[in-house]
Each structure stands twice: as structure tokens, then as C-alpha cells.
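Subject: A structure for you to look at

Hello,

Here is the structure I promised to pass on. Please open it alongside this email and keep it in view as you read.

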Amino acid sequence: MWESVALTLVGTAGNNIGKVLQKKGTLILPPLSLKLKVIRAYAFNQLWISGFLMDMCGAALMLTALSQAPVSVVQPIAGCGLAILCVFSHFYLKEVMNGLDWIAISLAGLGTIGVGVGGEEQKVDKIPLINIPWLVLSIAILFTGPEVIEEIIFGLESGILFGISSVISKMGFVMSEMGFPKIVVPAAISCSVCCSAVGFVYQTRGLKHGRAIVVSTCTSVASIVSGVIAGMVALDEHLPTAPTSRLFLLLGWFFIITGVILLVSSTRLIARLPRPVQKILKGNVERNHSLRRPGSARGKDPIPSTTIHASSLHLLTSSTKEKA
């Protein structure tokens, strides 16, 4: 189980960091098209190609983890990608982070440990096909529901698509182990990629019509919850039988979801806290800003115009896809 946890962490880190590097690379590149000159410009841009390779390697590691562990273990840990991305942005992009960001990252880390301790390998003997129509019907009802609060609906829909994408990939591996033709694996992965692509479209629409903080929170949480629920419904996954393992797994899910929500909304949450608490949580940010004052040799940002706030780094995923 710990091998799958490690693969998921490295994979989600590759996905998220790779997209940041691609985004940085596109700052000096033209919009992506099929023109030979444009393709050559992308291929010879070291930063963009490095990000692309990291993204692809991350995807391969995620698929490997899904082939070895339940979706209810892999999908929540994949939600820690935002925390890994924030640490990367702090040390590589020299982005400043407040105290609440570090608390959120710590919670996500504790949650990952909890999932690793509580998760257990599960052997799927059969796929409960009778449950799949009910799952599809539930998703269809949500997608055709009233769009009264667009930002929430789009966030939830994109998150659900990301979660279902993992379940479809896992289903391909399970069916292959059950004796189905090997073609089911690439077919499932292709469907998973299409599902993720539609998810990015919904996320982009949500970001265009609503508040980024709401869309991002709904997407992240819905991705984790839908992946876990769909895994239990469509793949007959279940909670560990041992009470201690079950407790660790549930606490892991709780800490990861709480960490993701805090990480996405840390700036707004701090603004609502009492001033003494704000001063403590913002102390690290202010010290970092003072070190980067104009005219100071230490204050110069080594990567100008590329600093991105930690709580919004995950939005680069959708903007990169939109450029592509």
C-alpha cells in the first residue's frame, strides 16, 4: 500500500509541477497550433518540454498506482497535489506563504499518512454492474439540474468528472484481471482522458462565470468525494474491516479535504480573523516581502513576473488546457 501512496504522491506532484513549468514556458511562446514553426518553438523550449515530460510521467505513475490500489486510496492522496505545488512554488518560484497555508499543507500530509496506514489492498472479484446505471443516473440528474448557482454547479461537475475519470481507469485494470480482453485497459484509459478533458471544460466555464475560490474548492472536494463514492458503488470497494484501520482512513480523508479547503481559501479566511491572529499568520509573509524590497540585492525576485499566489496555482491547469 505504501508503494501506491508513494507513486500517487510523485505522480500528482509531476502533474501539478509540470503544468506550472508549461505555463511559465508559454509566457514567451505563441498560442499552440499545428504550424510547424509553432510546434518547433514548443519542442525547443526547455522549460515547456520539461513540464510536458513531467506531466506525462506523472500521469503514467498515477495509472500505475491505480492498477495497484483502490480508488478510495489513490484519489484522496491525489488531492494533495495542490499542497505539493504550493511547497514547490515557495522554494522554486519564491512565492510567499502565510501561516494558514503551512497548516493546510501539514493537514494534507497527515491525511496522506492516515490513508497510507488505514488503506488496505482489496481484491475485486466482480463488478456490480447493477449499481452502474444508478451511478450514471445520479450524475445525469446533477448535470441537468438548475444552474441557479453556476460557480458551485460547474465546480461540482468538473470535480465529479475528475473523480469518475480515475474510477474508469481503475475499472479497465480490474476487468483485465478478471479475464476480459486486454483491449479494455487502453479503452478505459481513453475514456478516462475524455472524461478529464470535459472536466477541464466545465472548470474553465465555472472560472469564467463565477468566483475562482468557490469553483476551485468545489472541484477539489468533489473530485475526492466522487472518486471514493464511485469506487465503492462501481467497483465494490469498501472500508477496512479493522476498526483502527477504518479510523485512520476516515481521518485521512477528513484531513486531506480540510487541508485542500484551507489551502484554497486561506487568504479570505485570514481576512476574517481577529487582527492579532492575522498578524501572527501573516508574519512570515511580511518578513518575506521586506526581504524583497526594491533596491535590495536579496529582495530581487530571480524569476520576475512569474510569481503566482499559492492558493490559486491549481488554476493553471485549466488555463494551460485552454491555450492548448
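Below is what I found in it, beginning with the whole chain and then moving to a few places in turn.

Please bear in mind that this is a predicted model. The mean pLDDT of the protein is 75, and 77% of its residues reach 70 or more. One stretch calls for caution: over residues 289-324 the pLDDT is below 50, although the model still gives this stretch 66 contacts beyond near neighbours in sequence.

The fold is simple to describe. The protein has 13 helices and 0 strands, so the pattern along the sequence is α-α-α-α-α-α-α-α-α-α-α-α-α. Of the 324 residues, 49% count as buried. If you take the contacts with a separation of 6 or more, 80% of them are between residues 24 or more positions apart. On the outside, the protein exposes about 16300 Å², and 69% of that comes from carbon and sulfur atoms.

Helix 1 is a good place to start looking. It covers residues 2-25, 24 residues in total. From its first C-alpha to its last, helix 1 reaches 34 Å, close to the 34 Å expected at 1.5 Å a residue. Is this helix enclosed or open? Of its 24 residues, 19 are buried, so helix 1 is largely enclosed by the rest of the structure.

Next, have a look at glycine 58, which sits in helix 3 (residues 46-68). This glycine has a relative accessible area of 2%; buried means under 20%, so glycine 58 counts as buried. Which residues does glycine 58 touch, leaving aside its neighbours within four places in sequence? The contacts are Gly11, Gly14 and Asn15. Isoleucine 17 is 41 residues away from glycine 58 along the chain, yet their C-alpha atoms are separated by 9.5 Å.

Finally, turn to the surface. Trp2, Leu110, Ile113, Val117 and Phe248 make a nonpolar patch of about 470 Å². Helix 6 (residues 99-118) gives the most to this patch, with 3 residues. Phenylalanine 248, another member of the patch, lies in helix 11 (residues 243-271). Its relative accessible area is 37%; partly exposed means between 20% and 50%, so phenylalanine 248 falls in that class.

I hope this helps you find your way around, and I would be glad to hear your thoughts.

Best wishes

Technical notes
Residues numbered from 1 in each chain as written. Predicted model: local features only at pLDDT ≥ 70, side-chain atom pairs only at ≥ 80, totals over all residues. Heavy atoms only, no water. Helix = DSSP H or I, 4+ residues; strand = E, 2+ residues; numbered from the N terminus. Expected span 1.5 Å × (residues − 1). Buried < 20%, exposed > 50% of the residue type's maximum accessible area, 1.4 Å probe, protein only. Patch = residues over 30% accessible without salt bridge, like charges linked within 9 Å, V, L, I, M, F, W, Y side chains within 5 Å. Areas by Shrake-Rupley, 256 points an atom, 1.4 Å probe, with all protein chains shown as cover. Salt bridge = Lys/Arg side-chain N within 4 Å of Asp/Glu carboxyl O. Contact = heavy atoms within 4.5 Å. pLDDT = per-residue confidence, 0-100.
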